[in-house]
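Subject: Structure handover

Hello,

Please find the structure below, with notes on what was found in it. The notes go element by element, so keep the view open while reading.

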Amino acid sequence: MTALDNLNNVTVLVAGDFMLDKYYYGDITRLSPEAPVPVVNVQGERCVPGGAANVVNNLCRLGCKVKSFGIIGDDTEGKILSNLLNDAHTDTNFLLHDESYKTIIKTRIVGNNNHQIARLDFNENYPFPATSKLLESLDAALENCNIAILSDYDKGFCNEETTKTLISACKKYNIPLIIDPKGKNWNKYNGASWIAPNFSEFSEMIGKSIKNTDEDISDNIAIISSSFTIENVLVTRSEQGMTLYNGEKIYHIRSIAREVFDVSGAGDTVVAVLAALLGAGVDKQNAVEIANTAAGIAVGKSGTATVSKGELAAELQTNRNDKALSKIMSWDMLFSRVEQWKSENKTIAVANGCFDILHRGHTSLINAASQCADILIMAINTDETVRKLKGDSRPINSENDRAYVLAALESVDAVVIFGEDTPEELLSHILPDVLVKGAEYTLEQVPGRQYSKRVELVEYIDGYSTTAIVNKSKNG
């Protein structure tokens with residue numbers, strides 16, 4: 001049985017700002033004679049659910065039962081949106097059509113090769129109707145729900161009254177609530193089960209300039225949890241993956257390197273997959289790791305995209321079958337494997353470094369390290385720490401790519417990424433039998449040596465270095 005097998009038995013309430021996304025597609029072959037702007041010869045158009053409605057659409061594609069809870073206009077666009085949700089087999093009985101309100105529309109103009117040319121937003125500043133009438137049906141809407149989502153796009157629905165009423169009702173019925181936040185008023189989210197900001201939203205709420213590094217995230221993530229009495233905080237960090245704080249521990253989940261085509265709606269995919277899995281009883285860390293995989297699929301698609309259960313299952317199977325990917329581990333995954341290896345009386349060696357542009361000098365060290373113990377763990381610096389060590393022009397290859405290349409080596413058993421200036425904290429958890437470094441170091445210069453039974457200094461092959469390769473390339 002896999003984590004996705006029980007999603008058909010999960011019922012999710014999605015409350016929030018429901019919108020309609022429109023797309024116009026066409027060819028661009030000339031500039032307008034009236035102004036230096038492209039002329040788009042429209043070839044087609046489509047409408048898809050947007051905002052909270054995209055969360056609903058994602059959940060339906062995963063096979064969940066979904067209840068839509070929100071307000072849209074009693075207008076043409078509202079009817080189109082309602083029909084789209086009905087076609088997706090969601091329950092729209094709690095989606096109020098208000099004749100005093102106009103449905104929010106986001107229209108995107110897409111040109112050659114699916115490149116977005118412009119976005120037109122309609123009705124964003126239209127007065128939002130009172131939510132009191134809809135809230136009277138909240139108890140009925142939450143009936144039989146396993147979990148709930150509040151998708152806040154800061155368009156008016158997720159005001160103090162709505163948000164606090166939903167949090168209170170979810171507590172009453174012991175239903176977990178995930179907040180996808182927006183804006184600066186996070187006091188209204190007090191007491192929710194989960195909150196899932198992106199890095200920009202997270203850093204804005206912290207109130208100071210921070211970097212998208214494991215260290216800065218770790219230093220500040222518990223502040224959000226304690227400030228707003230929210231047990232679980234999940235920060236989505238674009239190409240850096242995600243960081244989860246579960247009220248006790250911090251987990252960094254790495255993204256898998258892939259081409260980013262369009263980030264529209266990727267956050268909606270994350271909260272949808274997370275809610276579906278938590279509602280099915282999947283543990284928190286595993287749910288976040290799978291949501292991270294789903295986000296990778298979403299950003300590879302054009303427009304406001306969804307990820308189906310079949311797509312996600314196929315991607316997870318591919319990852320499991322890719323031996324190299326299976327070797328790239330989060331800290332917690334690695335620590336669990338280390339415990340297993342030690343219980344099997346296997347010796348463990350760790351080698352660390354940047355390993356940018358893998359060359360013969362690197363492979364010579366790695367092969368020598370693999371002879372020092374039964375298991376070889378390669379610990380590599382994040383891109384941010386490489387820049388600190390080598391300058392802004394480095395690394396040449398991203399941390400995900402460097403990790404994959406190392407993991408593809410037969411002599412390597414595991415690869416882990418660390419964001420601290422030295423690997424000392426990581427080594428303090430692994431407690432390896434052997435710590436391997438190049439012989440350009442002296443024993444006293446090796447960080448973390450106190451956490452290893454012994455240090456092995458390996459001679460580098462002269463004339464091989466990434467810097468030399470870069471310089472040679474620059475000089476032709």
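Helix H6 (residues 199-206) and helix H7 (residues 214-227) have axes that come within 10 Å and cross at roughly 70°. Angles of 65 to 115 degrees count as roughly perpendicular, and H6 and H7 are therefore roughly perpendicular to each other. On the H6 side, the residues that meet H7 are Phe199, Phe202, Met205 and Ile206. Their counterparts in H7 are Ile217, Asn220, Ile221, Ile223 and Ile224. By type, the residues of this contact are eight nonpolar, one polar and no charged. Please keep in mind that this is a predicted model.

One more residue of H6 deserves a note. Is Glu201, which lies in helix H6, buried or exposed? Its relative accessibility is 12%, so Glu201 counts as buried; the cut-off for buried is under 20%. Leaving out residues up to four places away in sequence, Glu201 touches Pro181, Lys182 and Trp186.

Next, the sheets.

One open sheet is formed by four strands in the order E3-E2-E6-E7, with mixed pairing. Strand E3 (38-51) and strand E7 (116-122) are at its edges; each has a single partner strand, so one side of each is left without a neighbour in the sheet. On average, and with direction ignored, neighbouring strands of this sheet are turned by 20° against each other.

The pairings can be followed across the sheet in that order:

- E3 with E2: the two strands pair in the antiparallel sense over 13 bridges. They form a hairpin, with six residues between them. Phe18 stands opposite Gly51 in E3.
- E2 with E6: these strands run parallel and are joined by seven bridges. Here Leu20 stands opposite Ile105 in E6.
- E6 with E7: strand E6 (residues 104-110) runs antiparallel to E7, and six bridges join them. Lys106 is found opposite Asp121 in E7.

As background, strands of a sheet pair through backbone hydrogen bonds, either parallel or antiparallel.

Two helices lie across strands of this sheet. Helix H1 (residues 52-61) lies across strand E2 (18-31) and E3, and runs at about 75° to E3. Helix H2 (residues 76-87) lies across E2, E3 and E6, and runs at about 105° to E2.

There is also an open sheet of nine strands, in the order E5-E4-E1-E8-E9-E10-E11-E12-E13, again with mixed pairing. Which strands are at its edges? They are strand E5 (95-98) and strand E13 (250-253), and each pairs on one side only. Within this sheet, strand E11 (residues 232-236) and strand E12 (residues 242-245) run antiparallel and are joined by four bridges. Leu234 stands opposite Leu244 in E12.

Now the nonpolar cores. In soluble globular proteins, nonpolar side chains tend to be buried together. How many residues does the largest nonpolar core have here? It has 54 residues, and those with the most contacts inside it are Val14, Phe18, Leu59, Ile178, Leu234, Leu274 and Leu312. Helix H8 (residues 266-279) gives the largest share of this core, ten residues. A second core, separate from that one, has 42 residues, including Phe94, Ala141, Leu142 and Ile195.

Some of these core residues have already come up. Phe18 is among those with the most contacts inside the largest core, and Phe18 is also the residue opposite Gly51 in E3. Leu234 is likewise on that list and is the residue opposite Leu244 in E12.

Leu59 can be looked at on its own. With its neighbours within four places in sequence left aside, Leu59 is in contact with Val12, Val14, Cys64, Val66, Ile149, Ala272 and Ala276. Val14 is itself listed among the residues with the most contacts inside the largest core.

Last, two loop residues. Asn144 is in the loop between helix H4 (138-142) and strand E8 (147-151). Its phi is near 70°, a positive value in a residue other than glycine. Asn144 has a relative accessible area of 64% and is exposed. Ile357 lies in the loop between strand E14 (348-353) and helix H13 (360-370). Phi of Ile357 is near 55°, a positive value in a residue other than glycine.

Regards

Technical notes: Residues are numbered from 1 along each chain as its sequence is written. This is a predicted model: local features need pLDDT of at least 70, side-chain atom pairs count only at pLDDT 80 or more; totals for chains, interfaces and linings use all residues. Side-chain values use heavy atoms; hydrogens and water are left out. Axes are lines fitted to C-alpha atoms, for helices over the stretch in contact, and angles run from 0 to 180 degrees between N-to-C directions. Angles under 35 degrees count as roughly parallel, over 145 as roughly antiparallel, 65 to 115 as roughly perpendicular and the rest as oblique. Contact means heavy atoms within 4.5 Å. Ala, Val, Leu, Ile, Met, Phe, Trp, Tyr, Cys and Pro count as nonpolar, Asp, Glu, Lys and Arg as charged, and the others, Gly among them, as polar. Two strands pair if DSSP finds at least two bridges between them. A nonpolar core is a set of buried Ala, Val, Leu, Ile, Met, Phe, Trp, Tyr and Cys residues joined through side-chain atoms within 4.5 Å. Buried means under 20% relative accessible area, exposed over 50%, partly exposed in between (1.4 Å probe, protein chains only).
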